[in-house]
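Welcome, and please load the model in your viewer with side chains switched on. We will go from stop to stop, selecting a few residues each time.

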Amino acid sequence: MFRLLRWLPLLLLLPSPGSPEPPGLAPLSAGAPPQAPDLLYADGLRAYAAGAWAPAVALLREALRSRAALGRARRDCGARCAAEPGAALPAMLPASPGPDSGPGAARSAWEPLLLRAALRRAECLTQCGARRLGPGGAARLRVGSALQDAFRRREPYNYLQRAYYQLKKLDLAAATAHTFFVANPTHLQMREDMAKYRRMSGVRPQSFRDLETPPYWQAAYDTGLELLGRQEAALALPWLEEALQESLAQVESCRAGCEGPEEQQKEEEEEGGTGSQGGLYEAIAGHWIGVVQCRQRCVEDTATRPGRSFPVPDFLPGQLRRLHEAHAQVGNLSQAVENVLSVLLFYPEDEAARKALDQYQAQLGEPRPALGPREDIQRFVLRSLGEKRQLYYAVEHLGASFKDPDPWTPAAFIPEALREKLREDREKRPWDQEPPQPKPLTHWKDVLLLEGVTLTQDARQLNGSERAVLDGLLTPAECGVLLQLAKDAAEPGARSGYQGRRSPHTPHERFEGLTVLKAAQLARAGAVGSQGAQLLLEVSERVRSLTQAYFSPDRPLHLSFTHLVCRSAIEGEQAQRMDLSHPVHADNCVLDPDTGECWREPPAYTYRDYSGLLYLNDDFQGGDLFFTEPNALTVTAQVRPRCGRLVAFSSGVENPHGVWAVTRGRRCTLALWHTWAPEHREQEWTEAKELLQEPEKEEGEEMPSRDPAPEPPSPRLQRVQDKAGKPPRVREEL
């Protein structure tokens, strides 16, 4: 009762059940000083754990609002105080004292100027923070690194979507689910929840909106690229300009965050909590290096789409290139010159930019000495180069570390010893970027002959490259054993979590999947036969060795994932069906059918190099595998499943594939993916082998569960006591 009274003030801020809720996560108490985001978040999780859904929503929303307000206040106060005349840092140090001056003269010449400016800047920031954030300012609202990571992963939205669902607010439940899923595209439970929301009659397509993605990604950047791709340069220009301005603003916001107390806390944590081991100047230098390193990462952070691991390459120079080309297409030659000169600030020797500049100047017809690079880009480049010079000095003389995020840094800024190391790193080619090596044909023919396997179709007959159909890998009896394994694992009494549920790819089929480790665990528990689990291991290794022999004899392949999958048509839901059992995709990159490109970045499994599909039966309708062009529309080849048939192919953009709808019966396949990278070897395969080789446990002994399957946020949240005896923190139990 007392706990509910604590939440009552925030509960009163929620709209009444009959009133419409504002779109998105609008501020709950506009104008009020923000509260501590970490305490709000912890209380929100406690409310969630107690099943108090409305207070949980109010607290979690207020935590998000307070964190955003904290970031805005820091950015605004930083800009305001930097413009204060008395708080401006000295532009240059005084001249060095003469040779007869004492040893303290050099220090006394610049120390007062620097320290006076630093003290005035600190005073300005403290007063501004108190006005914007209440007593204590930013120091009172410090957010720990663990909580920063939770917000960066958008974890509050995972809890919000479930709380909204319990409150019957399906529109906001779908929006918060989508917001979390954008940044966590490999989250299996959320993928299933999203599919459920799409099937709900009360959820509109407009509900699936991202409440967090910055606007320069949502509208300006993508819209500008789309219009430019359609040769509509005049319409694209305002969007491209807005995207650049928004990008620069986001960089400034990120840089302001680098000066917050969290960065200092992060440095202390990385040092093991021992603090600085040097004196005053070593401490100042160490903290300053950390701030500048953080600032240098801001462009990379800004250029990284939510849920992606890598930034858009050459983010700012790329935008400037599109701007100068678009201005030239519509005849704005002066603006074209400004933007191409801005590109040359990043890459002075860029031949394409120099050629374009000569062309624009020739078309203008007369010299325009007043035309120069954009002032905003000029300030950005000069400031960034000054910071890089300081960081590389620290690397060379203070033993600091710095990973330069920019490919345009001039070589002269990099110390000679480090320059040689960087050159060697660039010349090293990782395994996953090397082209496949030529393969001696006699080798794979010998292996196929030894295994009793026949090559039914090669890449030429399948109208593609790096693909093949092999028959005879399994006997009918072996297919029967694996089919029985799948059937036994799907029985309710097996308690395997394998029971058929609607497919994540189509609502018209049921989907069941079994890993090698789960099969071994079920066999040890007596839920399935050990013969089937053992055969699953043996067959997966058989497929791996054949795939390596055929495609990669000179380079070892490793199993990265093995999955026994069955798809069953749902009776009564097949009439006039128009969808696929599995949409067209590539296995190691994100396929964009509109452009024909395939982005080798998450959520794709980028380390996969070859794929294999070993079929167990053919007593079903539909379900044929097909290959397409990168447009995902033009079918180039089709393969009918049958017992013991393996379809093997490289996992990249050269082999987009899908599965036609299964309209009757049950289709079972052993899907396998292989990698050249040993660090991505399937650890569960080794665990399953060891588990099946262990002696049987005595009756009554419990088997420890090694199932790594993730679970959704649980009402049973574990409280973790802080080391310093602070109030308990709450984390999601996975």
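Which cysteine forms a disulfide with cysteine 589? Select cysteine 598 to see the partner: the two sulfur atoms are 2.0 Å apart. Keep in mind throughout that this is a predicted model. Looking along the S-S bond, you will find a torsion of 90 degrees, and the link of cysteine 589 and cysteine 598 is right-handed. Cysteine 589 is buried, at a relative accessible area of 7%.

**Second stop: cysteines 254 and 298**

The count for the structure comes to 7 disulfides. Another of them is formed by cysteine 254 and cysteine 298, so select these two next; a disulfide is a pair of cysteine sulfur atoms within 2.5 Å, and here the sulfur atoms are 2.1 Å apart. The torsion about this S-S bond is about -80 degrees, so the disulfide of cysteine 254 and cysteine 298 is left-handed. Now colour the helices: cysteine 254 lies in helix H11 (residues 233-257) and cysteine 298 in helix H14 (residues 298-302), so the pair ties together parts that are 44 residues apart in sequence. Show the surface as well, and compare the two ends. Cysteine 254 is partly exposed, with 21% relative accessibility, whereas cysteine 298 is buried at 0%.

**Third stop: cysteines 258 and 294**

Next, select cysteine 258 and cysteine 294, which are joined by a disulfide with an S to S distance of 2.0 Å. Is this link left-handed or right-handed? With a torsion of about -75 degrees about the S-S bond, the disulfide of cysteine 258 and cysteine 294 is left-handed. Cysteine 258 sits in the loop between H11 and helix H12 (261-270), while cysteine 294 belongs to helix H13 (residues 280-296), so this bond ties together parts 36 residues apart in sequence. Cysteine 258 and cysteine 294 are both buried.

**Fourth stop: a tilted ring pair**

Time to leave the sulfurs and turn to the rings. The structure holds 15 aromatic pairs. One of them is formed by tyrosine 221 and phenylalanine 315, a tilted pair with 5.7 Å from centre to centre and 40 degrees between the planes. Tyrosine 221 is in helix H10 (residues 215-229) and phenylalanine 315 in helix H15 (residues 315-330), so the pair ties together parts that are 94 residues apart in sequence. Are these rings buried or exposed? Tyrosine 221 is buried, with a relative accessible area of 5%, and phenylalanine 315 is buried too, at 4%.

**Fifth stop: a ring cluster**

Select phenylalanine 551 and tyrosine 610 for a stacked pair, 4.9 Å centre to centre with 25 degrees between the planes. This pair links distant parts of the chain: phenylalanine 551 is in helix H23 (residues 530-551) and tyrosine 610 in strand S9 (residues 610-615), 59 residues apart. Both phenylalanine 551 and tyrosine 610 are buried. Now add Tyr550 and Trp676 to the selection, and you have the cluster that ring pairs link together with Phe551 and Tyr610.

**Last stop: arginines over rings**

Stay with tryptophan 676 and select arginine 555 as well. What sits over the ring of tryptophan 676? The charged end of arginine 555 does, 3.7 Å from the ring centre. To finish, select arginine 640 and phenylalanine 620: arginine 640 lies over the face of phenylalanine 620, at 4.6 Å from the ring centre.

Notes. Residues numbered from 1 in each chain as written. Predicted model: local features only at pLDDT ≥ 70, side-chain atom pairs only at ≥ 80, totals over all residues. Heavy atoms only, no water. Phe/Tyr/Trp six-rings, centres within 6.5 Å; stacked < 30°, edge-to-face > 60°. Helix = DSSP H or I, 4+ residues; strand = E, 2+ residues; numbered from the N terminus. Buried < 20%, exposed > 50% of the residue type's maximum accessible area, 1.4 Å probe, protein only. Lys NZ or Arg CZ within 6 Å of the ring centre and 35° of its normal.
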